[in-house]
Amino acid sequence: MAVNCPVCRVDAAAPRLHKDGVAILACASCGSAFWQPDADFDAGALYGAGYFASADHAAGYDDYAALEGALRRNFARRLRALGAPHSGARLLDLGPAYGFAVDEARRLGWRAFGLEVSTAAAHRAIATIGAAVIAVGDAQRAPFADASFDAVTLWDVLEHLPRPHAAMAEFARVLRPGGRVALTTGDVGSLAARISGAHWHLYTIPEHIFFYSREGLRRLLAAHGLRVERIRAEGARYPLGYLFERLRKTLTRRDAAPARWPGAELSIPVNLFDVVTVHAVREAA
C-alpha cells in the first residue's frame with residue numbers, strides 16, 4: 001500500500017532502500033525520498049555541542065569550526081547571487097550554526113539575523129560574530145513578525161527539518177511579497193545519488209530526514225506561494241580533510257578516529273552535481 005508523501009502530499013511513496021536500519025521511501029509522484037521517524041523522535045535533540053565537534057559519532061562534524069574559511073567563501077558567493085540589498089534590507093538565515101553566513105550577509109550590507117535550533121551552536125555564533133542577532137528556536141515557530149524579511153536563506157538545512165510544509169509556511173509568512181528564498185539541498189534524482197544507492201553521501205541518518213527531487217522542491221515551495229525561478233547544481237569549496245571525513249563516515253567505519261595529515265586544511269572546488277541551489281520569490285497574496 002502506498003504511503004502519503006510529506007513533500008507533495010500524494011499517496012505514492014513506497015520503500016526504495018534501507019540505510020542504517022531504516023527504510024527510505026521514494027515517491028513515485030514527485031521523486032523525493034524520506035524516512036519515517038518514530039513518534040517520539042526529537043530532531044532538535046541531535047544538535048548538541050557534540051554534533052559540531054566530535055569525531056566519535058557518525059552524525060555531524062569532526063570539527064565544524066575548522067571549516068570556517070571554506071564555508072565563508074561558499075556563503076559569500078551564494079549571498080552575492082541574491083543581488084545587492086537595498087538600504088535596511090533584512091535577511092533571515094535558518095540553521096546558521098556558528099553564524100558564518102549571517103556574518104557574511106552583514107558584510108554584504110544586509111541586516112542579517114539567524115534562527116538556530118541548537119542552543120550550543122547559537123551561543124558559539126553570538127561569540128563568533130560579536131552580536132546578539134541569533135535567536136534560538138524552531139523553524140516552525142519563527143519569533144518574527146509577518147512580512148518582516150526581504151530574504152530567507154537555508155544553506156544545507158531543509159533536509160534536516162521534520163515538517164517541511166510547516167517550516168515553509170513560516171518562511172513564507174515572514175517574507176514580504178517579492179521577497180526571496182534561497183536554499184541548497186541534495187538532489188536525490190541526480191546521477192550521483194542514483195549510482196551510489198544506499199552509499200550516497202547525503203543519506204546520513206538520522207540528521208537528514210528528507211531527500212528532495214527538483215520536482216519535489218518546486219511543489220513544496222509552490223504550495224506556499226513561493227515561485228521557483230531557478231534550480232541549478234552548483235559546486236562548493238571543501239577542505240580535503242572534510243572530504244575524507246565524509247568518505248570515512250559514509251563508506252567505512254563511521255566511528256573511526258580521524259587521520260591528521262598535511263594539507264587537510266586545503267580547500268578545493270567540488271561539484272558532483274547532486275546538490276542544488278534554489279532561488280524562489282514570494283508571490284503577492
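Select D138 to begin: at 29% relative accessibility, D138 counts as partly exposed, a label for values between the limits for buried (under 20% relative accessible area) and exposed (over 50%), found with a 1.4 Å probe on protein chains only. Now add R141, which forms a salt bridge with D138, the closest N and O atoms being 3.3 Å apart; the term salt bridge asks for a side-chain nitrogen of Lys or Arg within 4 Å of a carboxyl oxygen of Asp or Glu. R141 itself is exposed, with a relative accessible area of 55%.

Before going on, please note that this is a predicted model, in which local features need pLDDT of at least 70 and side-chain atom pairs count only at pLDDT 80 or more, while totals for chains, interfaces and linings use all residues. Residues are numbered from 1 along each chain as its sequence is written, and side-chain values use heavy atoms, with hydrogens and water left out.

**The whole protein**

Zoom out and colour by secondary structure, and you should find eight helices and 14 strands, which are DSSP runs numbered from the N terminus (helices are H or I with at least four residues, strands are E with at least two). The C-alpha atoms fill a box of roughly 50 × 50 × 35 Å, taken along the principal axes. A compact globule of 285 residues would have a radius of gyration near 19 Å, and the protein agrees with this at 18 Å; the radius is taken over C-alpha atoms, and the globule rule is 2.2 Å times the number of residues to the power 0.38. Of the 285 residues, 51% are buried.

**Salt bridges within helices**

A search of the whole structure finds 16 salt bridges. Select R173 and E170, whose closest N and O atoms are 2.7 Å apart in a salt bridge; both residues lie in helix 5, three residues apart, about one turn of the helix. E170 is buried, with a relative accessible area of 12%, whereas R173 is partly exposed at 25%.

Move next to helix 7 (residues 214-222), where R219 and E215 lie four residues apart, again about one turn of the helix. Their side chains meet in a salt bridge (2.9 Å, N to O), and R219 counts as partly exposed at 29% relative accessibility, as does E215 at 34%. Then select E68, R72, D103, E104, R106 and R107, which are joined into one network by salt bridges that share partners.

**A buried charge**

Which residues does E159 touch, not counting those up to four places away in sequence? Select E159 in the loop between strand 8 (149-155) and helix 5 (164-174), and you will find contacts (heavy atoms within 4.5 Å) with T184, T185, E207, H208, I209, F210 and Y212. E159 is buried yet has no salt bridge, and the nearest side chain of opposite charge, R78, is 9.3 Å away; here Lys and Arg count as positive and Asp and Glu as negative, while His and the chain ends are not counted.

**Aromatic rings**

The structure holds 18 aromatic pairs, in which rings of Phe, Tyr and Trp (its six-membered ring) have centres within 6.5 Å, planes under 30 degrees apart being stacked, over 60 edge-to-face and the rest tilted. Select F52 and Y98, a tilted pair at 5.5 Å centre to centre with 35 degrees between the planes. F52 lies in helix 1 (residues 49-52) and Y98 in the loop between strand 5 (90-94) and helix 3 (100-107), so the pair ties together parts that are 46 residues apart in sequence. F52 is buried, with a relative accessible area of 5%, and Y98 is buried at 7%. Add F100, whose ring centre is 6.2 Å from that of Y98 with the planes at 80 degrees, so this pair is edge-to-face. F52, Y98 and F100 belong to one aromatic cluster, whose members include Y47, Y51 and Y61.

**Backbone details**

Most residues other than glycine have a negative phi, and most peptide bonds are trans. Where does P206 sit? P206 is in the loop between helix 6 (191-196) and strand 10 (210-211), and the peptide bond from I205 to P206 is cis, with omega near 10 degrees. Finally, select R9 in the loop between strand 1 (3-4) and strand 2 (11-19), where phi is positive at about 65 degrees although R9 is not a glycine.
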